[in-house]
Structure formats: C-alpha cells, structure tokens
Amino acid sequence: MDTQILYNIFHQDAFGLNIAIYFYLTGLSAGSFILSTLAYSFGMDQYKSIGKVGVVLATVLLVIAPFFLLIHIGMPHRAWHLFVYLNMASPITWGSFLLVLYPINCIIYGYFMFKGHIKLTRIFGLIGIPLAISVHGYTGFILAFGKARALWNTAIMPILFLASAIVSGIALMILVCIIKDRFFSKEKKINQELILNLGKLLAWMIVFDLFLVGSDLIVLAISHSDAQAAAHLILSGKFSILFLLVENLLGKILPFILLAVPGFRRLTTVIIASILVIFGIFFMRYIVVVGGEFLPLL
Amino acid sequence: MSKRKMSRRKFMKTGLVWVTGTAAGFSTIQSGTDYKKITAVSRTSLKPLRAIPTTCEQCPAGCGVIAYLDGERLVQILGNPNHPNNHGSICAKGLAGINLVNDPERLLFPMKRLGSRGDGQWKRITWDEVYSTLEKRINEMLQKNRTSEFVVDFGYEDPLLDRFTAALGLTHIIDRPTLKNLNHDTAFTSMIGSPSLIEDIGRSRTILNFGANPYANHDHFLGLAQRLVLAQVEKGARLVTFDVRMSETAAKSDTWYPIKAGTDSIVALAMAKVIVEKGLADNSFLNQKTNFSLSKLKDHLSRFTLKAAEKESNIKAADIEHLAVEFATLKPSIAIIGGGISDQKNGFQNVRSIALLNWLIGNLEKEGGLFFPRLPGKNQQTANPLYKLRPKQRKNFKELEESSTRINTYFAYLSNPAYSNPDCESTKTFLKDEKKVPFLVVMDTHFTETAMVADMVLPAATYLEGWGLCCAPPLDMFPILNLRQPVVSLLSTAEVLRSPAFEVGKLLEPSFQPKGEAKEVGNFCLELSRRIGGKTVKALPFKDTKDYVSKVFSSIPNLKKQKDFNNLKSDGFWVDTSLKKYNQSSTSSIPPIQAQKVEIYSNKLKQNNHSPLPEYQSIAKHEKKKGDEFILTTFKSNLSARGTANSKWTQEILHENRLWINKDVANRLGIKNGNRVRISSPVGSLTVRVLVTNRIHPNSVALAEGFGHTAVGNIAKAKRFKSYDRDTNLLWWDKKGNGVNPNEIIERKIDPIGGGPCLKDTVVRIEKI
Amino acid sequence: MLIDLRKCIGCNTCAVVCKSENDVPLGVWRSWVKRVEKGKYPHSKEYFLPIVCNNCENPICVTVCPVNASIKRPDGIVYIDPHRCIGCRYCMAACPYGVRYINPIKKIAEKCYWCFHRVDAGLKPACVLACLAGAIMFGDLNNPKSDISKALAKNAIQVIKPEIGTEPHTFYIGLDIEAVEAIKIEEEK
Ligand SMILES: Nc1nc2c(c(=O)[nH]1)N[C@H]1C(S)=C(S)[C@@H](COP(=O)(O)OP(=O)(O)OC[C@H]3O[C@@H](n4cnc5c(=O)[nH]c(N)nc54)[C@H](O)[C@@H]3O)O[C@H]1N2
Ligand SMILES: Nc1nc2c(c(=O)[nH]1)N[C@H]1C(S)=C(S)[C@@H](COP(=O)(O)OP(=O)(O)OC[C@H]3O[C@@H](n4cnc5c(=O)[nH]c(N)nc54)[C@H](O)[C@@H]3O)O[C@H]1N2
Ligand code: SF4
Ligand code: SF4
Ligand code: SF4
Ligand code: SF4
Ligand code: SF4
Ligand SMILES: [Mo]
C-alpha cells in the first residue's frame, strides 16, 4: 500500500548519549568488580594481582558514572527527591540505592583488601557480587521497562547487559594491568601469563555475549511488527553499520579471532583485541539506547 | 444586474444596509438567563479568568469568541458557547489572535522612511506629524478637486474608513477581499440580485461541492464546517467533492472526484442535462420563479453530453449521470461553490453553471438549500441614516496599474498587496516607483512587504483592541449582530513607560509590555477628518469608535427594545429573533426577488455580447498546455489567515508549502519526494521542494498560499530570535525555511466577464534541479 | 475521552488550543494531529489522527517514575507533579505513545492531563470545548448514563496499541490502523 506521513511531530529523545555513557561506565565498573572478586572471594589465585586494580577501577568508574545522570536530568538539584519520594516499582529507585550501596561496599571491600584482611575482603567481595550484578542489571531493567521499544523490551536485556559488562570489564582490566605492570610496578614487567589467561576468559565471554545478541536478534526478527522494524533498523537500516561492522565485527568477532586462534595469541594481539572490545561495547550501549528510541512510537 | 449590488463582506461588516422582508414574530432563541456560563480558570491560581466576549476577525466567518485575561494579559481565546454560529468552538486561526496581540515584533509607533524607498531605514515620528502630513496632502487634493488621486486599499472593511473615503468623494477603492470573490459575486448578482447566499448545509442530504474547502477555509468557515460534520456523521448526508487536489473536505467526502482544472462547469451542465431530460427538475419553481422555461433550457443543455463532459473533465460519464440523479432525487440537495471554480478565467460562467444546478431543483429559500442572508434590524436603510454610503467604484490593482490614473497618495490598511497580489513583484515595483505612487502610507500591525516600500507606516490596532459592530453570516437564518470590543487596551507608551506600575509589571510578567501607539483605523479617520474639517467632519460626527458603535446600536429599533448596550457588551452579540427563520411552504417573501425572478437568462450579458446562459468556456491556455506544463492551483491552508503570518502557534505546525505533484507524473519526470524543482511561469520562477502525492490530478500542481514572507516578522521568516517571549528562541524550523510565495509566479489576469482575478489557472513549467 | 474520527476534519484547533491553555512551548506538543496519506491515485485518502495522552488504566509512566511525580488520580487522570519531577525522562522512555516531553524552559516532564484544572472547575478540557467539529467527547466512564458511556456502548471503538496492556482511556471511533502504525524516521531538526 502506498502510505506516507504528511504531518507528524518531532519527538524528543528520552535518553540519548549521556545515558549510553552512564550505562557503559556502570558496565565497566561491574565487570571490573566481578573480576576482582575472582581471587579474593573465589580463591582463583592466578587472578590475585588484578584484585586491587579491579576494585579501584570499579569504585572510580562508579563515582564518575552518576555525573552523567546528573547532566542528563533536567532538575539535578532535585536529585534528593530520589531518596525521599520512593517508588519501589521503578528501576531507577532501585538504582538510587544501588548507586549508594555499591560504591560504599566497594570502598569497604577495597579497604580490607589493601589492609590484607583476607576474610573480611572475602565477605565484602561476596556481598559486592550481587550488588555489582544489580547495579548493572538494573540498567538493563530500565530499558526493559520501555514497553513499546522493541529493542529494549526483552527479558534478555539485563543478562545481555551483564554479559557485555563483563566483556568490557575484562578488556579494561587487561589494559589497566598492562599499564600498571609496565609503568607503575617495581619490576616494570608485564605478567604475560595473567594477560593471556584473561584473554582466554575474554574470548569465552565474547562467545557468550554473541550468543545472547544472536538469540535476541533471532527473536526480534520473527516477532511482532515493531520488533521486526527494530531488527531491520540494526541489520539493514540506519544503525546497521554501527551494529554489524563496529559493534560486532570489529568489537567482538575480530577480537575473538585474535584471542582464540592459537597462532595469534600474543601480548600485542590481546592488547589490540581489548581495545577493540572496549570500543565495541561502547557502541553496543549507544546502539541499544539511541537506536532503541530511534523509531518514533506514533 | 440588480441595482442593489453589494459586496458580501459588506453585508457582514458594515452590513445592515439591506431591507429584509416583512417580519413575523417567530422566536426560539432566548437571551439572558439560560445562557451557558462563560468561564475559564487560570492554570496556576485556579481562579476564574476575566472574560470579555467579542468577535473574531481573523477570517470573515464572524465567530463569537471570549477573550480571557489574567490580570491585563490576554491568555486564552475560546469560542462563545452562546453564539449561534460557532456554539463555543473556535479555530486555530482564531486562537492565534493571542499571538497577534502579544507579538513581540508588532509595529508600535508611527514611522517615517529615511533614505530611499525600501532601504529599510526608519525614524519614529509622532502621530501629530502623521496627521499634519496627510491633512496637507488631502486638503491639496480637495482644493484641486482631485480626491480621486487618493487610493484606499483595504483588506478588511471598516465603517469609519468607509465613511471617511465616501465623504472625500473618492473613486479609487481597492476592496481586496471582494475582488477575490468578484466572479462569484457578480455571477450571483446577475442571477438573483444578491452577491452571495447562505448554505443551509446542516439540513442537506446530498451535497455536491465544486471547488470549495469548507473543512479548511471558507467565508463562513467554522459554523459551516460544524453543520456539515453533523449533517454527514449524524444525519448521514452524502458529500461529494470535485477538486483538482484532495482538500481536507475531499478527504472527508464520500467520494472525491479529481477533476481537470477549470472544467467544473461542463460537469455541472451535463448534470443539468441529465436532470432535465429525466424529468427530475422542479418544474413549478422553474416556471414561476425563474425567467427561463424548461423546454428552452433543454435546448440549451443539449450540447453538454455526458461524453463531452467526460472527455473534458476526466470524470466518468456514468458517475456524472448517477450523481445528477442522486442530486435531483435524494433531496434536500445543495451544490456549493468555492474559490476553486470562481478564481479562474472562466470563473463567472462556472459559478452560473453550478448555481443552475440549484435552480433546477428549486433550491432557493428551501430547507437544506440556499437562503438569502438575513440582516438584523428591520428596514435599516430607511431607519438608519448612518448606513447611507455613497456608491464607490471598485478597482482592482491591474486596472489601476494599467490605467493612466494619477495617484497622489496610496493608503493601504490591513492589506498587503506587495505580497498578496498575483504577480506581486510587479505590484511591489509599481508601489516603489515614486513617479507612479508619490506617497505610500501603510497602516498595519506589522512591517509587511508593502510597508517595507512605504513612505510612512502607521501602527494599527488589532481586532482585539477596538470597537466594532458587524453582521455575522446568518447560518441558521436568524440575523446576527456581533459586537467587537477591546479586550486589551492600547496604552500609550509615554504614559505607561513612566508609570512605576509598568516597571513592576515587567519584573513580574515579562510579556507585560506597552502596546505602544497603535490606533484603531476608525479613530485615525475621525482625528484626520477633524483636522481636515469641512464636509468630512460632518460625515463623521462621532467622538470615537465606541461612540460610533453605541450610536449604531441605538439606531436599530428591535435591538434597543431587547437589550441595552451593557447587555450587548456582556453577551457579545445579538440575534434578531423578530425575523422569520425560513418559510418552508412558500418562496413568496424572498427579499430581493420579490418582484423579479431568478435570471437564468441574462439580458444584460446578452447586451454585452456574452453568453446569456450558463456556459462552459474552456480555458485556452490550458488547451495549449504541453507535457511538461501544469496548471498551478493555489489554496488556503486551514492554519493561515490574514493575521497569522507571524503567529508562532500556527507557523509551528505549518511553515513550508511544498509543491504537490502527482506521483505517477513525478515518477515519469524522475522527481522524488523532497526534491527541489524550479517552477516557472511567464512572470517568474521559484524553487520549491515537492510533495509527491497520490492526491492530485496529474494535470495540476498545487501550492498553498500564505508562505514565503520576506517581511512581517522573524517568525514569518522562520528565523529564531531573542525576545521577552522565550518561545521565539525555541523556533526550531529555522533550517527548513518558510516556503515560497506563489504570487511571485501567478499571472495577473482577470475573467473578462466577472472581473475577478485568476488565482488558480496559471500554466507553469517544472524542471528538476 | 472519545475522539470520533468520522467527525475530525484535521483542523489542528485541538493542538493549538492546548498550546495556549497549558503554555506549551514551541517544539513540544501535548496533542497533535497526525496526517497520513494512503492509496494510489485516484483511490487515495487522507486520514487525520489527533493524539493526546491516553491517561491509561495501567500507566507505565507512573510505574517507572522514581519519585512518584507521575501520579494517577482516583478519577483516572494521570498527571505530573511539577514540583516533584526531576526531569529524568524515564516516563518518556517508557510511555508507549510518545506523548510526554520535557518542557524546554521548565526542564520537567509534561503531557496532556485532560486539563484537570478545568475539569476540577466543572469545565470541559480546552480541546473538547474548542474542537469545531465536536469530535472530542469527555466525561465519566463510571457513570453509565454519561454521554460518553452511551457513545462507547453504541459505537465500535478502538484504542491505540491495545496489545501494550496500558489500557488506554482515549478511545477512538474509526481508527485506521495504518495511520497509527505509519512511522517515519525523524528528519533532522
Ligand atoms: N484558513 C483560512 N480560511 C479562510 C481564509 C484564509 O486565509 N485562511 N480566507 C478567507 C477568505 S478571504 C476567502 S476568500 C475564503 C476563500 O475560500 P476558497 O476560495 O473557497 O478557498 P481556496 O483554498 O482558495 O480554494 C478552494 C479549493 O479550490 C480548489 N481548486 C482549484 N482549482 C480548481 C478547479 O479547477 N476545480 C475545482 N473543482 N477545484 C479547484 C483548490 O484545490 C482548493 O481546495 O476563505 C476564507 N477563509
Ligand atoms: N495566489 C493566491 N493569492 C491570493 C489568494 C489565493 O487564493 N491565491 N487569495 C486572495 C484572497 S481570497 C485574499 S482575501 C487576499 C488577502 O490579501 P491581504 O488582504 O493582503 O491579506 P493578508 O496578507 O492575509 O492580511 C493583511 C494584513 O492585515 C494585518 N492584520 C491582521 N490582523 C489585523 C488586525 O486585527 N488589525 C489590523 N489593523 N491589521 C491586521 C496583517 O498583518 C496583514 O499584513 O489574498 C489574495 N491572494
Ligand atoms: S472561523 Fe474565522 S472567525 Fe471563526 S474563529 Fe476561525 S478565524 Fe475566527
Ligand atoms: S499514554 Fe503514556 S503518558 Fe499517558 S498515561 Fe499512558 S503511559 Fe502514561
Ligand atoms: S521525568 Fe519526572 S515524571 Fe518523568 S519519570 Fe522522571 S521524575 Fe517522573
Ligand atoms: S485535554 Fe487539555 S491538556 Fe489534553 S490535549 Fe486537550 S487541551 Fe491539551
Ligand atoms: S479540533 Fe477536532 S476536528 Fe480539529 S483536528 Fe482536533 S479533533 Fe479534529
Ligand atoms: Mo478572500
């Protein structure tokens, strides 16, 4: 049928870049935290050296992240309303508490870690894991509550967000460890084995992430018309280059190849792969947030 | 033609000239107690707002509105729930009156040109200087007996301006609104002695619409649209529209027939033939009430076969036949007429042909048909000497420009010929030429395109700032008198600026601003006449516009019996219930044709070597049209009217006029939606974005008028700017621009019989760029 | 609220009256009239679709508002407390109808709230009063004798996106599904 819109209004973007950055930073933070607990809470000693880096990163990122929220909201001086007028049904309300509890926990956890108090570190690490999962998972819920936005409104969204958080967290950790070892450690020597190990972990997480993205896409593509429109948008529409090329090919598949093919496994390739992943996941956040509200609802 | 020729604006505005038929007591409308309450509340304080009933003058429909004020500030205009025409509704243009009054870019002081014409340098002057300049010029003309060199061009009639010009004995009047409808008005006058009729559309069952768009614009817009909606949806009336494009009305019609431009009358005449031949015509009406018998009519119509009509108009013969039968059998029926058919080279005969359809079914003073307009106040002409005006000569711009008439002073009030005239560029050149127009004065609310080339620009009051009495179209056949009263006061700056209240006011309410030195044109004329003295003062024996209005009020006997002036002020209008609504059983009391008959055959036309009968004349230049040429039609959007050019709320919705072009044609020419094309006619060319659409005849292209302003204000020009109104900073369509003015490429032609302009039939070429 | 699209003539009065009644700044709208063209010449058609907030039975905007600034009143009107809203835009992201906006001057969320300041004063919403075609009807659905209840009972009615589960309270007569679903990628501002 020949159909054309003769008049419609412009709709403001609800979220946009600031929120994408916020989601990105919380994701990095959660990923870093979870990694840091591998050694201290789960006794994977090979990861011991990244514990401290992880907790510092997690804390710093989570202190920065809310500033993007403050820039985003129209009435930043009313932010205290969030703690007074509670609506327990709203993911943002969950988030307000998580954004307070999680950094506090990070600081305590880090404090004991640096003090060398293994037991307490372990306990706060364990407390921190659900917090870290929540602090990023809730952002997935924020989007999933967007009922009419097909790209957001899926139960897979919180998990997808977590997976990509861990992916980006590992990548960031790899880079930070290298920088730390190379420039700030006493020996100025990079712990190659750790990095390669992390690289392997990263590769597997990428596979998991790709699996989730793939599942989401397949369902989108055969679901109701709005979902199909959304699938169309990221597969062949305006966001297709970002999604296919930048997020997935450069940001996931290429790093995976670099990390997984034994012949390539080298320090430089791991570095390149990590950088690619960090960019790739940023675009993932961008595509989900901005692409998700790209199609007008009416 | 009848001697009592009168413009339709006339009956609505100064009106009251007309003697209506004998009156019988017949009263259904009550006044006073059971009136619906008039309230609006402040959104912030929740207190009721101050309400002042008045009349909307954004278009000729004359709706009763109520202006609501928060303190001194006009915040809302809503329909007057008691007004018999609009019943509490209002339209977008009426609402935009708020923008007009509160416009930060309004012209507030009299200005004099510095430098040469059109330089755009101005100096503020006093009203005193204005008066003395004009007084000198007019006295000079009076002394030399050459007042005919004073040209008055107005876009809306004002009774005091009328009296003023009549007292000077002027001959040059450019009555803009009626010029546009001239073909329509002269055609009707030639048949029934009245330039227009009222459509009782709310009670019609079959409605044929030829080139009107009552769902977006019409002289009786809001009230008529309201009645048509009810007829369609609640009473199941059938609406059929002939239009070259899908107008809003066509979109809501049961069927839209995309007709080849300029061919409506052959369709109407073919329908007439069907009706006559099938014996469906109202014989007794034709015999008793018209001057042409059925048998002779049959002969005349025999040429207009269905086949010929189909060939000319692209409307299928079977459809025409079937519509004719429906029209003549599923009564009450009505055929309505719009600018689409009257503003053409063959407009006069088009109107007569479609009117004929109505006469064939006896559609005069019949329920669901056409009625003579009723005017309030019985025997006004004799009873009210205030209305005796000198006859005046109307000239259109073309004649003025082409004749060797000498002009001394050109006064344009509420009129913007340098923008609204067809071929407006040449109008501008003419007005700018100091040899042809030695002194140009513009009185307007804004610096219009015309004001830009003027010598003196005077700030005019808006319709919401002054007094007036006018007749509204009597849509339910009851005469209605509307009162216009100031809802916002005109404050003189000096007075206000000095007052501490203003400083405080400014702090509390940024839009609280003095209205400067704007004046009602009536008061301007009164003061000028006092300075000129002599017969002009005698003709204008009023203190001010309010005095005038109250004197007119007291001169209407019926009105004075029913209301005192304060009642009128609190109601905002008056319905004269002493007159008969309509008379179903007989047509004997039809006012203008009491003695006469409907002249289907016109001797006067015959004498002037025109066809005396309704006729189809094909438009020669359309016949010669080549493949890449199109007929350009212009039309009015439902959002633009005379006072809305700089209105933020209407401009926001519609600020660009794209050129409509048929999709198949566009595909053939390789033009895509949104492409820019060059559209050229013998008088000029424009570049414009196209709207590729399935809603227009392949022969036509269409452009809305009212866009592409180069003056008036920043909003009209789609430019963001800072002012006390923060909205002006939020203007978001500045990148898209404000469209084009079709008048730059419309040829200045007139229908030789009717004398009206041809705004819908210019042939244009289109090239992709 | 019931919008009879058979009567709507696309005049935009409802959109403009809302601007003046509620001081809606340029660039944002509480109500607007979408226009959609369908079909091939000469069998084409234009549809007018006035859109306002649905004041939903299950308003997701209320569910997600973190500070309870979006509130559903007992009479069903969903409104925004201008003193409480923090402008987080979550309600905008969540509303399936895109009827909310951030006021560019006040920086808080706004939308059509059926002119409750007028309704509370016993008046009709501004657009209901102004609509020249009488296409918009407003009243009490709980009262089976109200005009609107009768009209809802007598006519085939539709709502926009019923599948979403918000249970819209803005009903339409004669809604064209293609006019609803036609969406255009926004042009750059
Ligand atoms: N919104 C709004 N309303 C107004 C006004 C306004 O400026 N704005 N102005 C008022 C005034 S001053 C006037 S004079 C009236 C004018 O009222 P009209 O003259 O009736 O209105 P137009 O839009 O000029 O033309 C009506 C229709 O004619 C169609 N048309 C063009 N050519 C042909 C043709 O060959 N055949 C047929 N059948 N149709 C054709 C056009 O597509 C258009 O839809 O409106 C009044 N009301
Ligand atoms: N191509 C094309 N051209 C057309 C037409 C067409 O259909 N096609 N239509 C023609 C028709 S029908 C007409 S009537 C003419 C109209 O032509 P004009 O009479 O020139 O009408 P506008 O430019 O609409 O308005 C005249 C001026 O009135 C001012 N004004 C508005 N409100 C008020 C007020 O309350 N008080 C005062 N003092 N001033 C006010 C405005 O600022 C504006 O500058 O255009 C004609 N031109
Ligand atoms: S129809 Fe004309 S008179 Fe009535 S409100 Fe609209 S602009 Fe004013
Ligand atoms: S339409 Fe949107 S804003 Fe309105 S109540 Fe429903 S969910 Fe809320
Ligand atoms: S923008 Fe205001 S109303 Fe909307 S969710 Fe945020 S706080 Fe609530
Ligand atoms: S009900 Fe009031 S707020 Fe809602 S669209 Fe109508 S005028 Fe605007
Ligand atoms: S005011 Fe009424 S007729 Fe006009 S667009 Fe709105 S709903 Fe439709
Ligand atoms: Mo006109």
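This is a conversation about the chain contacts, ligand surroundings and backbone features of a predicted model.

Trainee: Let us start with the contacts between chains. How many residues of chain A are in contact with chain C?
Mentor: On the chain A side there are 43 residues, and they are in contact with 56 residues of chain C.

Trainee: What area is buried between those two chains?
Mentor: About 4,700 Å² is buried between chain A and chain C, and carbon and sulfur atoms give 61% of that area. On the chain A side, Phe10(A), Gln12(A) and Leu298(A) supply 16% of the area buried against chain C, more than any other three residues.

Trainee: Why do people quote an area here?
Mentor: The size of an interface is often given as the accessible area lost when the parts come together.

Trainee: How many residue pairs are in polar contact between chain A and chain C?
Mentor: There are 28 such pairs, counting those with both residues at pLDDT 80 or more. The elements that give two or more residues to this side of chain A are strand E1 (3–7), helix H3 (81–84), helix H4 (91–115) and helix H5 (118–144). E1(A) provides the largest share, 5 residues. By class, this side of chain A divides into 26 nonpolar, 12 polar and 5 charged residues.

Trainee: In which sense does E1(A) pair with strand E2 of chain C, parallel or antiparallel?
Mentor: The pairing of E1(A) with E2(C), residues 32–38, is antiparallel and runs over 4 bridges. Within it, Gln4(A) stands opposite Glu37(C).

Trainee: And salt bridges between chain A and chain C, how many?
Mentor: The count is 1. Lys40(C) forms a salt bridge with Asp2(A), and their closest N and O atoms are 3.4 Å apart.

Trainee: What about chain B against chain A: how many residues are in contact?
Mentor: Here 9 residues of chain B are in contact with 5 residues of chain A. The buried area is about 540 Å², with 51% given by carbon and sulfur atoms. On the chain B side, Ile653(B), Arg695(B) and Trp732(B) lose the most area to chain A, together 48% of what that side buries.

Trainee: Which side chains form the salt bridge there?
Mentor: Lys663(B) meets Asp2(A) in a salt bridge, at 3.1 Å from N to O. The count between chain B and chain A is 1 salt bridge. Asp2(A) is thus a partner of Lys663(B) and also of Lys40(C).

Trainee: How many salt bridges are there over all chains?
Mentor: A search of the whole structure finds 55. One example within chain B joins Glu277(B) and Lys273(B), at 3.4 Å from N to O. These two residues are separated by about one helical turn because they are 4 residues apart in helix H10 (residues 264–277) of chain B.

Trainee: Turning to ligands, which residues come nearest to ligand 2?
Mentor: Of the 26 residues around ligand 2, the nearest are Leu414(B), Ser420(B), Tyr463(B), Arg642(B) and Asn743(B). Ser420(B) has a polar side-chain atom 2.7 Å from an oxygen atom of the ligand. For Tyr463(B), a backbone N or O atom lies 2.6 Å from an oxygen atom of ligand 2. An N or O atom in the side chain of Asn743(B) is 2.7 Å from a nitrogen atom of ligand 2.

Trainee: And what surrounds ligand 3?
Mentor: The residues around ligand 3 include Cys56(B), Cys59(B), Cys63(B), Cys91(B) and Phe221(B). Helix H2 (92–95) and helix H8 (221–234) of chain B are the elements that give two or more residues to this shell. Its residues divide into 8 nonpolar, 3 polar and 1 charged.

Trainee: Which residues surround ligand 5?
Mentor: Among them are Cys65(C), Cys85(C), Cys88(C), Cys91(C) and Arg100(C). This shell has 8 nonpolar, 2 polar and 2 charged residues.

Trainee: One last topic, the backbone. Where are the unusual spots?
Mentor: Most residues other than glycine have a negative phi, and most peptide bonds are trans. A cis peptide bond joins Lys331(B) and Pro332(B), with omega about 0°. Pro332(B) is in the loop between helix H14 (317–329) and strand E12 (333–337) of chain B. The bond from Tyr41(C) to Pro42(C) is also cis, with omega near -5°, and Pro42(C) is in the loop between E2 and strand E3 (45–51) of chain C. Val712(B), not a glycine, has a positive phi of about 80°.

Notes. Residues are numbered from 1 along each chain as its sequence is written. Chains are lettered from A and ligands numbered from 1 in the order in which they are written. This is a predicted model: local features need pLDDT of at least 70, side-chain atom pairs count only at pLDDT 80 or more; totals for chains, interfaces and linings use all residues. Side-chain values use heavy atoms; hydrogens and water are left out. A residue is near a molecule or strand if one of its heavy atoms lies within 4 Å of it. Ala, Val, Leu, Ile, Met, Phe, Trp, Tyr, Cys and Pro count as nonpolar, Asp, Glu, Lys and Arg as charged, and the others, Gly among them, as polar. Contact means heavy atoms within 4.5 Å. Buried area is the accessible area (1.4 Å probe) that two parts lose on being put together, summed over both. A salt bridge is a side-chain nitrogen of Lys or Arg within 4 Å of a carboxyl oxygen of Asp or Glu. A polar contact is a pair of N or O atoms within 3.5 Å; within protein, one must be able to donate a hydrogen and the other to accept it, and residues adjacent in sequence count only if both atoms are side-chain atoms. Two strands pair if DSSP finds at least two bridges between them.
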